[in-house]
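Work through the exercises below with the sequence and the model side by side, trying each task before reading its solution.

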Amino acid sequence: MAISKRIVMHFSKKVVESPIVCQLAKDYDLEFNIIRASISPEEEGLLILELSGEQAEYDKGIRFLVKTGVKIESLGQDVTRNIERCTDCGACLTICPTGAFEIDPVTRRINFDNEKCIACELCIKACPPRAMEVHF
Ligand code: SF4
Ligand code: SF4
């Protein structure tokens, strides 16, 4: 399934100097449209991109960006958990690239930290009872 999403990327000087956007296009076959790009005097980069491509490649591309140290936010998307549906199965724990889920060592229940979420939507598909929801 082809998708198109707008994301906000914040990155450090080290990442500014590497061709991450070209790599995204080449390795994951994603098309990109740069909506805004700036580098602060401290040499931190901000990039607002529209990314288009196949959903599976988009997911891999997001994982790649997170691994390279890029901080990503989605434009206008918010992810929540419907606690009544959640069965604490843990499927989201391993799939989340930012570690937004943690297992409580005492209760063994799964905690969700919305502050760490970059709205990549990987957990939306991975959650068996559809407890994770995305709002636009
Ligand atoms: S995958 Fe869904 S049901 Fe399982 S722990 Fe995560 S939010 Fe809860
Ligand atoms: S959408 Fe889900 S998998 Fe993606 S960062 Fe947020 S909590 Fe993690």
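**Exercise 1.** Determine how many bridges join strand S1 to strand S3, and in which sense the two strands run.

*Solution.* Begin with the ranges: strand S1 covers residues 2-11 and strand S3 covers residues 45-54. Strands here are DSSP runs of E with at least two residues, and helices are runs of H or I with at least four, both numbered from the N terminus. Next, 10 bridges join S1 to S3, and the two run antiparallel; two strands pair if DSSP finds at least two bridges between them. As a single example, Ile-3 has Gly-53 in S3 as its bridge partner.

This is a predicted model, in which local features need pLDDT of at least 70 and side-chain atom pairs count only at pLDDT 80 or more, while totals for chains, interfaces and linings use all residues. Residues are numbered from 1 along each chain as its sequence is written, chains are lettered from A and ligands numbered from 1 in the order in which they are written, and side-chain values use heavy atoms, with hydrogens and water left out.

**Exercise 2.** Place the strands in their sheet, and then find which helices lie against it.

*Solution.* The order S2-S3-S1-S4 describes an open sheet of 4 strands with antiparallel pairing. Its edges are S2 (31-39) and S4 (71-74), each of which pairs on one side only. From one strand to the next, the twist averages 25°. Axes are lines fitted to C-alpha atoms, for helices over the stretch in contact, with angles from 0 to 180 degrees between N-to-C directions. Helix H2 (residues 20-28) packs on this sheet and touches S1, S2 and S3, its direction making about 5° with that of S3; contact means heavy atoms within 4.5 Å. Helix H3 (residues 55-67) lies across S1, S3 and S4, and runs at about 5° to S1.

**Exercise 3.** Identify which residues come nearest to each ligand.

*Solution.* A residue is near a molecule if one of its heavy atoms lies within 4 Å of it. Around ligand 1 there are 13 residues, of which Cys-86, Cys-89, Gly-90, Cys-92 and Cys-127 come nearest. Ligand 2 also has 13 residues around it, and there Cys-96, Cys-117, Cys-120, Glu-121 and Cys-123 come nearest.

**Exercise 4.** Describe the secondary structure of the whole chain.

*Solution.* The chain comes to 5 helices and 8 strands, and from the N terminus on its elements run β-α-α-β-β-α-β-β-α-β-β-α-β. Along the principal axes, the C-alpha atoms fill a box of roughly 45 × 35 × 25 Å.
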